[in-house]
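Open the model in your viewer and keep the sequence panel in sight. This tour goes from one selection to the next and says what is found at each stop.

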Amino acid sequence: TVNANNQLAEGSLKEAYIANMLAKRNLPQQLKAMGISGGASETTLADIEDMSYVSRMKKEMANQDECDLLITQLSTNDAARGLPLGDVAETKDKTTFATETITGAIEYIIASAKEKWNCPVAFYTGTKFEKPLYQQMVDRLYELKEKWGIDIIDLWNDEEMNKVTANQKRIYMYDKTSRCQLYIDRKFFLK
């Protein structure tokens with residue numbers, strides 16, 4: 001029956017997710033050994049603490065001579081903390097960006113990547129959750145796309161992601177704001 005097939009598929013997805021996460025258990029240590037730090041929990045775009053995206057980027061750029069593509073998450077933590085959105089700068093001079101704001105930090109990241117590596121920059125958004133500021137952040141990202149020519153992987157407005165059931169969300173999401181690797185793999189690499 002259809003119900004039995006759905007349950008079998010859901011069970012298989014859960015098993016695949018668990019296997020995937022177990023395989024990646026040591027990934028942060030492996031990446032660090034290669035000089036790549038990856039993401040850090042509870043960090044913000046806005047440069048308000050030592051582990052912000054901006055301060056981590058400043059430290060890590062010195063160790064990275066080349067980059068083919070910089071992909072950055074539009075942090076859900078900034079919205080959850082209610083940090084200031086800020087304004088789009090009138091220039092592309094990174095010394096003028098108010099990096100203590102979300103917009104200033106995004107522009108700093110883009111400008112730094114283009115200056116150091118001359119590579120394309122993409123941001124990916126989070127999925128829908130109950131913080132109106134995040135919608136403003138997604139809208140701002142589209143304004144910055146016009147200014148900087150960045151790419152956006154838009155999970156916030158993704159029709160498929162917004163149709164998922166509560167059961168599917170338990171498979172694809174760690175919590176209300178963090179999607180797991182299984183969703184990213186299935187959405188972008190297995191089609």
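## Stop 1: Met-61

Select Met-61, which sits in helix H3. The model is a predicted one. Is Met-61 buried or exposed? Its relative accessibility is 10%, under the 20% cut-off, so Met-61 counts as buried.

Now show what surrounds Met-61. Setting aside neighbours within four places in sequence, its contacts are Ser-112, Ala-113, Lys-116 and Trp-117. Measure to Lys-116 in the viewer: the C-alpha atoms of Met-61 and Lys-116 are 7.9 Å apart, although 55 residues separate them along the chain.

## Stop 2: helix H3

Widen the selection to residues 53–61, which form H3. Color the buried positions: Tyr-53, Val-54, Ser-55, Arg-56, Met-57 and Met-61. What do they pack against? The buried residues of H3 pack against strand E1 (70–73) and helix H5.

## Stop 3: H3 against H5

Add H5, residues 102–117. Two numbers describe a packed helix pair: the angle between the axes and the distance between them. For H3 and H5 the angle is about 15 degrees, and the axes lie 10 Å apart. Angles under 35 degrees count as roughly parallel, and H3 and H5 are therefore roughly parallel to each other. Their crossing is left-handed.

Show the side chains at this contact:

- From H3, pick Tyr-53, Val-54, Met-57, Lys-58 and Met-61.
- From H5, pick Ala-105, Tyr-108, Ile-109, Ser-112, Ala-113, Lys-116 and Trp-117.

## Stop 4: Thr-103

Stay on H5 and select Thr-103, which lies in this helix. Thr-103 counts as buried because its relative accessibility is 0%. Which residues touch Thr-103, beyond neighbours within four places in sequence? They are Leu-85, Gly-86, Asp-87, Val-88, Arg-140 and Leu-144.

Then pick Leu-45. Its C-alpha atom is 8.6 Å from that of Thr-103, and the two residues are 58 apart along the chain.

## Stop 5: Asn-118

Move to Asn-118, in the loop between H5 and E2. Check its backbone: phi is near 50 degrees, a positive value in a residue other than glycine. Is Asn-118 buried or exposed? Its relative accessible area is 69%, so Asn-118 is exposed.

## Stop 6: helix H6

Select residues 132–148, the 17 residues of H6. How far apart are the end C-alpha atoms of H6? They are 24 Å apart, which agrees with the 24 Å span expected at 1.5 Å a residue.

Color the buried residues of H6: Leu-133, Tyr-134, Met-137, Val-138, Arg-140, Leu-141, Leu-144 and Trp-148. Turn the view to look down the axis of H6. The buried residues fall within an arc of 165 degrees, so they line one face of the helix. Pro-132 and Glu-146 are exposed, on the face turned away from the buried side.

Bring in the partners. The buried residues of H6 pack against helix H4 (76–81), helix H5 (102–117), strand E2 (121–124) and strand E3 (151–153). Step past the end of H6 to Gly-149, where phi is positive, near 75 degrees.

## Stop 7: H5 against H6

Keep H5 and H6 on screen. Their axes cross at roughly 35 degrees and come within 10 Å. This crossing is right-handed, whereas that of H3 and H5 is left-handed.

Show the contact residues:

- On the H5 side are Ile-102, Thr-103, Ile-106, Glu-107, Ile-110, Ala-111 and Lys-114.
- On the H6 side are Leu-133, Met-137, Arg-140, Leu-141, Leu-144, Lys-147 and Trp-148.

Arg-140 and Leu-144 also appeared at Stop 4, as contacts of Thr-103.

## Stop 8: the whole chain

Zoom out and show the cartoon. The chain has nine helices and three strands. From the N terminus on, the order is α-α-α-β-α-α-β-α-β-α-α-α. Color by burial: 40% of the 191 residues are buried. Last, show the contact map. Of the contacts with a separation of 6 or more, 67% are between residues 24 or more positions apart.

Technical notes
Residues numbered from 1 in each chain as written. Predicted model: local features only at pLDDT ≥ 70, side-chain atom pairs only at ≥ 80, totals over all residues. Heavy atoms only, no water. Helix = DSSP H or I, 4+ residues; strand = E, 2+ residues; numbered from the N terminus. Expected span 1.5 Å × (residues − 1). Buried < 20%, exposed > 50% of the residue type's maximum accessible area, 1.4 Å probe, protein only. Arc of directions from axis to C-beta. Contact = heavy atoms within 4.5 Å. Axes fitted to C-alpha atoms, helices over the stretch in contact; angles between N-to-C directions. Parallel < 35°, antiparallel > 145°, perpendicular 65-115°, else oblique. Left-handed = near helix turned anticlockwise from the far one by under 90°.
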